[in-house]
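Student: I'd like to learn how to read a helix and a loop from a model. Could you walk me through one?

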Amino acid sequence: GYNAKFLPAHPTSHADAVHMSQRPDDTLFDGIHAGGYILNKSPFMPAWGQRLSPKEIRGLVAYIRQLCQCQGPSWSREGK
């Protein structure tokens, strides 16, 4: 949003394919579930694990992948 430039840590651009392709789906899941502090990011990113089911969080991870039009690192994909 318009106040992002005033935050102590800049929010991640989830549409940035270069940056997001370096993040495994498990890392995205953990960040959504437990909040920014779990990833050594801003503690202002809240944890959603008490509000969203694992299935809903996996849906958000899939949506992030649609935004960036990318996949996580090859080593992190299922079956690797």
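Student: Which elements do the buried residues of α3 pack against?

Tutor: Keep in mind that this is a predicted model. The buried residues of α3 pack against α1 (17-20) and α2.

Student: Which residues of α3 are buried?

Tutor: Here is the general idea to start from. An α-helix has 3.6 residues a turn, so residues three or four places apart point the same way. In this case, Ile57, Val61, Ile64, Arg65 and Cys68 are buried in α3. Viewed down the helix axis, the buried residues stay within an arc of 100°, so they line one face of α3.

Student: And which residues are exposed on the other side of α3?

Tutor: There you find Lys55 and Gln66, both exposed.

Student: How many residues does α3 have, and how far does it reach?

Tutor: A helix can be checked by comparing its reach with an expected rise for each residue. With 15 residues, α3 reaches 21 Å from its first C-alpha to its last, close to the 21 Å expected at 1.5 Å a residue. Just after α3, Gln69 takes a positive phi of about 50°.

Student: Now the loop between α2 and α3: is Ser42 there buried or exposed?

Tutor: For a loop residue, look at accessibility and then at its partners. Ser42 sits in the loop between α2 (25-34) and α3 (54-68), and it is buried, because its relative accessible area of 16% is under the 20% cut-off.

Student: What does Ser42 contact beyond its neighbours within four places in sequence?

Tutor: Those contacts are with Ala9, Gly36 and Tyr37. Closer along the chain, a polar atom of the Ser42 side chain lies 3.0 Å from the backbone nitrogen of Phe44.

Key
Residues numbered from 1 in each chain as written. Predicted model: local features only at pLDDT ≥ 70, side-chain atom pairs only at ≥ 80, totals over all residues. Heavy atoms only, no water. Helix = DSSP H or I, 4+ residues; strand = E, 2+ residues; numbered from the N terminus. Buried < 20%, exposed > 50% of the residue type's maximum accessible area, 1.4 Å probe, protein only. Polar contact = N/O pair within 3.5 Å; in protein donor to acceptor, adjacent residues only side chain to side chain. Contact = heavy atoms within 4.5 Å. Expected span 1.5 Å × (residues − 1). Arc of directions from axis to C-beta.
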